[in-house]
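Ready for a few warm-up exercises? Take a look at the sequence and the structure first, then work through the tasks one at a time.

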Amino acid sequence: MAGMARQTMGSGGYCICPKCDYRAPHQRGVPCQEQRCPHCGARLMREGSYHHQLLLEKRKQKSERKDEGN
Ligand SMILES: [Zn+2]
């Protein structure tokens, strides 16, 4: 079945910082990429977006690699 958890973005969702996981409610008409994290200054990305998925995948792979390198 291709019924992967389908998130309802509701009212805009969140922008998140890829570095420190800071979250801010997404503002209508303002792309997350144009906002900066107030903590570390990194560009925010839309939670659940393609790029966010990539980031999560990378992190997963890193932690898996850690387990292997024993
Ligand atoms: Zn940050």
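Buried means under 20% relative accessible area, exposed means over 50%, and partly exposed is what lies in between. Keep in mind that this is a predicted model.

**Exercise 1.** Work out whether Glu57 is buried, exposed or partly exposed, and find its salt-bridge partner.

*Solution.* Start with the area: Glu57 has a relative accessible area of 37%, so it is partly exposed. Next, look for the partner: Glu57 makes a salt bridge with Lys60, with 3.3 Å between the closest N and O atoms. Lys60 comes out at 45%, so it counts as partly exposed. Finally, place the pair: Glu57 and Lys60 sit three residues apart in helix H1, so about one helical turn separates them.

**Exercise 2.** Find the residues that coordinate the zinc ion, then describe the geometry of the site.

*Solution.* Begin with the donors: the SG atoms of Cys17, Cys20, Cys37 and Cys40 coordinate the zinc ion at 2.3 Å. Along the sequence, these donor residues follow the spacing C-x2-C-x16-C-x2-C. Cys17 is in the loop between strand E1 (14-16) and E2, while Cys40 is in the loop between E2 and E3, so this pair ties together parts that are 23 residues apart in sequence. Now the angles: among the four donor atoms they run from 100 to 127 degrees, and the site is tetrahedral. As a last step, check accessibility: Cys17 has 0% and is therefore buried, whereas Cys40 has 35% and is partly exposed.

**Exercise 3.** Track down the salt bridges that Asp21 and Glu47 take part in, and say which parts of the chain they link.

*Solution.* The full count is three salt bridges. In one of them, the side chains of Asp21 and Arg59 meet at 3.4 Å, N to O. Asp21 lies in the loop between E1 and E2 and Arg59 in helix H1 (residues 50-68), so the pair ties together parts 38 residues apart in sequence. In another, Glu47 pairs with Arg23, and their closest N and O atoms are 2.6 Å apart. This pair links distant parts of the chain, with Glu47 in the loop between E3 and H1 and Arg23 in strand E2, 24 residues apart.

**Exercise 4.** Is His26 buried or exposed, and which backbone oxygen does its side chain reach?

*Solution.* His26 has a relative accessible area of 16%; that is under 20%, so His26 is buried. Its side chain reaches the backbone oxygen of Val30 at 3.5 Å. Leaving aside neighbours within four places in sequence, the contacts of His26 include Tyr14, Cys15 and Arg46.

Terms used:
Residues are numbered from 1 along each chain as its sequence is written. This is a predicted model: local features need pLDDT of at least 70, side-chain atom pairs count only at pLDDT 80 or more; totals for chains, interfaces and linings use all residues. Side-chain values use heavy atoms; hydrogens and water are left out. Buried means under 20% relative accessible area, exposed over 50%, partly exposed in between (1.4 Å probe, protein chains only). A polar contact is a pair of N or O atoms within 3.5 Å; within protein, one must be able to donate a hydrogen and the other to accept it, and residues adjacent in sequence count only if both atoms are side-chain atoms. Contact means heavy atoms within 4.5 Å. Donors are N, O and S atoms within 2.8 Å of the metal (3.2 Å for Na, K and Ca); water is not among the atoms, so sites may look incomplete. Four donors count as tetrahedral if all angles lie between 85 and 135 degrees; four count as square planar and six as octahedral if opposite donors are over 155 degrees apart and all others between 65 and 115; anything else is irregular. Helices (H or I, at least four residues) and strands (E, at least two) are DSSP runs, numbered from the N terminus. A salt bridge is a side-chain nitrogen of Lys or Arg within 4 Å of a carboxyl oxygen of Asp or Glu.
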